[in-house]
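Me: I would like to work through this structure with you. Can we take it one question at a time?

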Amino acid sequence: MGLTTTIPVEVVLAAGLTPVDLNNIFIASPEALAWVSDAEAAGFPRTICAWVKGIYTALSRRPDIRAVIAACQGDCSYTQALGEILEAEGREVIHFQFPYPPNREQIRREIAALAARLGAATEEVVRVQEKLRPLRRNLRELDRLTWETGQVRGRENFQYLIASSDFESDVEAYAQKVADFLKKARGRKPYKAKVRLGLAGIPPIFTNLWDYLEELDGEVVFNEIPRQFSMPYPDLDLADQYLRYTYPYDIFGRLADLEEAVKTRRLDGIVHYTQSFCFRQMFDQVIRERLHIPILTIEGDRPAPLDSRTRMRLEAFVDVLR
Ligand code: SF4
C-alpha cells in the first residue's frame, strides 16, 4: 500500500498490508533527481513541487505497490491532483481526509471508513496501536537523547523519525533497528552542541543539510515534522493521536509545538525549510512573527546538495548565533 503522506498507518497494518511511504522511496533513491525529470517528461509541469513528481515516478518503479492512499485534505492540492492522475491511469486510490478544522468525531469517522475500506477489524486496529506503543516510546527516547544529552545527532534523529511514517515497511525489523541504535547511543558520551538549532517545515529535499550544519558546529536538536511523524504524544487513542498530529491541520498547532520546542530544547535559532512551489511557504511570515527567536528561511527545489548561496547563508546564520 503506497502512502503519499503520513496517515493512520495502524489501519494499514491491521488490514495485513505493507505500508510504503513513497516520499521515502523517492528521496532515498540514488536517482531521485532523474525521477523528477522523468515525471516532467511524462507531462508534469516544471512549476509544481518536486516531491509530487518524485513520488509519481517512485510509484512507477514499484510494480509491487497495488494501491495508494492519498490525503485529499490535510496535505496539499498537488497530492489530491496526483491521486486523480493515478486513478485516471487505472490505479486503485483510496482517499483519506484529515478534517479541517481538527475535529475528533470526524477523524474518528475517517479512520473507521479507512478501516472498512481496507477490511481491518476495529479490535485489530486497537491491537496494532498497542503493539506499536513500545516502538513509539523508543522513538521518543531517541528524540530525548538528541536534545537532552546530545548522544543522538540531529541527522540520526531525522533518519529514524522520518522512517516512522511506514516503519521502513517492516515493523519488526525497524523496531529492532531502533532498539539496537538506542543501546549504542546510550553508551556514547554526551555531546554539547555549540549552536542548538530547530529545523521547521516539511522534510528538506537537500541531500547534505545536516552534514553541512554539523561542519559548522550547528546541531539540529529538533526536527519538527519527522518528530510529528513518530506520533510523540503517549497514551492517546487512535483518533486523538491523529488529532494531536500537527502536520495536516492549521498553522496554530504547529506554532504551539514550535514554541514549546524553543523553550524546552533551548534552541538558539530555527532554520525554516520551505519547498519551491509549496503553499506552506506562506506560513513563513506567521512563524517569524510568532516565534521570538532568530529564524533563517531556506528554500529547496530538487534533490541535490546545498547550493553555494544557501551554504553561505547557513554559515552566516550559525556564525551570528555562535
Ligand atoms: S512539499 Fe508542499 S506542495 Fe509538495 S507535496 Fe508537500 S505539501 Fe504538497
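Reply: Yes. This is a predicted model: local features need pLDDT of at least 70, side-chain atom pairs count only at pLDDT 80 or more, and totals for chains, interfaces and linings use all residues. Residues are numbered from 1 along each chain as its sequence is written.

Me: Is Ser165 buried or exposed?
Reply: Buried means 20 or more other C-beta atoms within 10 Å of a residue's own, exposed means 12 or fewer, and partly exposed is in between; C-beta atoms are placed from the backbone. Ser165 has 24 C-beta neighbours inside 10 Å, so Ser165 is buried.

Me: Which residues does Leu22 touch, leaving out those up to four places away in sequence?
Reply: Contact means that two C-beta atoms, placed from the backbone, lie within 7 Å. By that rule, Leu22 touches Gly2, Leu3, Thr4, Ile55, Ala58 and Leu59.

Me: Which helix gives the largest share of the largest nonpolar core?
Reply: A nonpolar core is a set of buried Ala, Val, Leu, Ile, Met, Phe, Trp, Tyr and Cys residues joined through C-beta atoms within 7 Å. The largest one has 88 residues, and Leu22 is among those that touch the most other members. Helices are DSSP runs of H or I, at least four residues, numbered from the N terminus. The largest share, 7 residues, comes from helix α4 (residues 50-60).

Me: How many residues of the shell around the ligand are charged?
Reply: A residue is near the ligand if its C-beta atom, placed from the backbone, lies within 6 Å of it. Asp, Glu, Lys and Arg count as charged. The shell includes Asp75 and Arg280. Its charged residues number 2.

Note on methods: Helices (H or I, at least four residues) and strands (E, at least two) are DSSP runs, numbered from the N terminus.
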